[in-house]
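Hi,

Here's the structure I said I'd send over. Have a look at it first, and then read on for my notes.

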Amino acid sequence: SKHRITPACPLAGKCGGCCWQHITYEEELRAKQQKVADALRRIGGVAVEDLPITGAPEITHYRNKAQYPVGLGADGTVVTGFYRIRSHDIIPAEQCLIQSETADLLAGVVRGWMADCGVAPYEETSKKGVVRHIYVRTGAASGEAHLCIVAARSRLPAQEELLRRVREACPSLTGVVLNVNKHTDNVILGEKTLTLWGEPELEDRLCGNVFRLSPHAFYQVNHAQAEQLYACVLDFAGLTGAESVLDLCCGAGTITLALARKASRAVGVEIVPEAVTNARENAARNGVENVDFYCADAAQAAMRFARMGKHPDVIVADPPRKGLDEETIEAAAQMAPDKIIYVSCDPATLARDVKHFAGLGYQIERARVFDLFPRTRHVETVVCLGRELERASRHVYLDYEPSPDTKIPHNPTYPEIKAWVMENHGLKVSSLYISQVKRKHGLPVGESYNKPKTEGAKVPQCPPEKEAAIEAALRHYGLI
């Protein structure tokens, strides 16, 4: 290909990180733009004609967060690096072209300390050893650096020597913490974090706000591109100062606080307790008073707000790669916001969720792609979904004077049916069972909604007791 170039990284193709080192950046942007467009068309069933992509101003050393697994090399020396794709084999890397140079420096200091002081890396098979990961965050605006050692025990050997070495090597270092992870799964961080020296959190500035970030708190890894991404969210939201906004999966409140400055009221929801604490402190630190934060699962919070009759003007969702679940999507649509702004880091789950929203009366109005992760396979997309009023409302025209007993049919959402069945029959029913019963009575259901994803796959059938309860709900709403 005329777009092929010699990879700048000697580990290209070996570690599981950069997969685009062998082509020009211009061609990488075109490929990522096409990837999003293809997913929306093939999975979401929608063709987006205007889909611009915003490239990054820097494609090297742009990451403000580095997590290095620690292990032993073939010669028995301590190594840090990155996992080979689809494995837990560590590819040793003393320098990485997309990580910050400060992160590489601190990882090297910790490696030297481990080698000199006999501190063993944690070994997954034997469950022996101490250090599991080296986690470094840097503040692009603040210039600060923060070091987190993830270990299998709550006390490090030769701890004071470690602190002396890292502080001497990195003058911008403001804190060192120890995260204790004794679990045997693949999750990097444990629940307990101890401050060994300095500040327990990193401070940085984004979109005019000052943030303090715990190791658990989500924060976009590309500061320059995050500013552009959040500016796009605000542009799509079109806030005038009179609107209420609900921000699902809000992390440390980075998007929420930006929205709150343009809205009448903003509410953020996040499942990580440490991030919610950070978000509340960040709001107070920046003098933002028209905002509330709740620690809850996005689906549970959305369903609760829907049952309470909350109707935010704009809902913003920035979920992890798995996207949103059915309950969150249905509850969001039930709240009937004018706009839903979806920030996605996975085109496939974005397209799947866009299709679900379309079945509930929300269609793509605008979309834009942002490359926050140059040279890697990942890409971010911001989509603005607008409500189709003619589909979101149910109009019943009567050519006679109705009596007081006339019941006008109401087209309930799935969360409404589930809530009614639970309240009146004490049964928990799934969206799958509801769709099966609706089909049985000839009621409209999405063409492929809750059908088996693969040919021949077994689909659980609604039990008679739950079928009767769902039918009672459909009668209650005047559908059958």
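Below is what turned up around one strand and one pair of helices. Keep in mind that this is a predicted model.

Let's start with strand β6, residues 145-151. 7 of its 7 residues are buried, so the strand is largely enclosed by the rest of the structure. If you look at the side chains, Ala145, Leu147, Ile149 and Ala151 point one way, while His146, Cys148 and Val150 point the other way.

β6 has strand partners too. With strand β5 (residues 131-138), β6 pairs in the antiparallel sense over 7 bridges, and Arg137 sits opposite His146 there. These two strands make a hairpin with 6 residues between them. In that turn, Gly143 has a positive phi of about 80°.

With strand β7 (residues 173-180), β6 pairs in the parallel sense, again over 7 bridges. Here Ala145 stands opposite Leu173. Put helix α3 (residues 159-169) into the picture, and β6, α3 and β7 form a right-handed β-α-β unit.

Now to the helices. The axes of α8 (residues 326-334) and α11 (residues 414-425) come within 8 Å and cross at roughly 100°. That crossing makes α8 roughly perpendicular to α11. Which residues meet there? From α8 they are Glu327, Glu330, Ala331 and Gln334, and from α11 they are Tyr414, Pro415, Glu416 and Lys418. By type, the contact divides into 3 nonpolar, 1 polar and 4 charged residues.

Shout if you'd like to go through any of this together.

Cheers

Notes. Residues are numbered from 1 along each chain as its sequence is written. This is a predicted model: local features need pLDDT of at least 70, side-chain atom pairs count only at pLDDT 80 or more; totals for chains, interfaces and linings use all residues. Side-chain values use heavy atoms; hydrogens and water are left out. Axes are lines fitted to C-alpha atoms, for helices over the stretch in contact, and angles run from 0 to 180 degrees between N-to-C directions. Helices (H or I, at least four residues) and strands (E, at least two) are DSSP runs, numbered from the N terminus. Angles under 35 degrees count as roughly parallel, over 145 as roughly antiparallel, 65 to 115 as roughly perpendicular and the rest as oblique. Contact means heavy atoms within 4.5 Å. Ala, Val, Leu, Ile, Met, Phe, Trp, Tyr, Cys and Pro count as nonpolar, Asp, Glu, Lys and Arg as charged, and the others, Gly among them, as polar. Buried means under 20% relative accessible area, exposed over 50%, partly exposed in between (1.4 Å probe, protein chains only). Two strands pair if DSSP finds at least two bridges between them. A crossover is right-handed if, with the strands pointing away from the viewer, the path from the first strand over the helix to the second runs clockwise.
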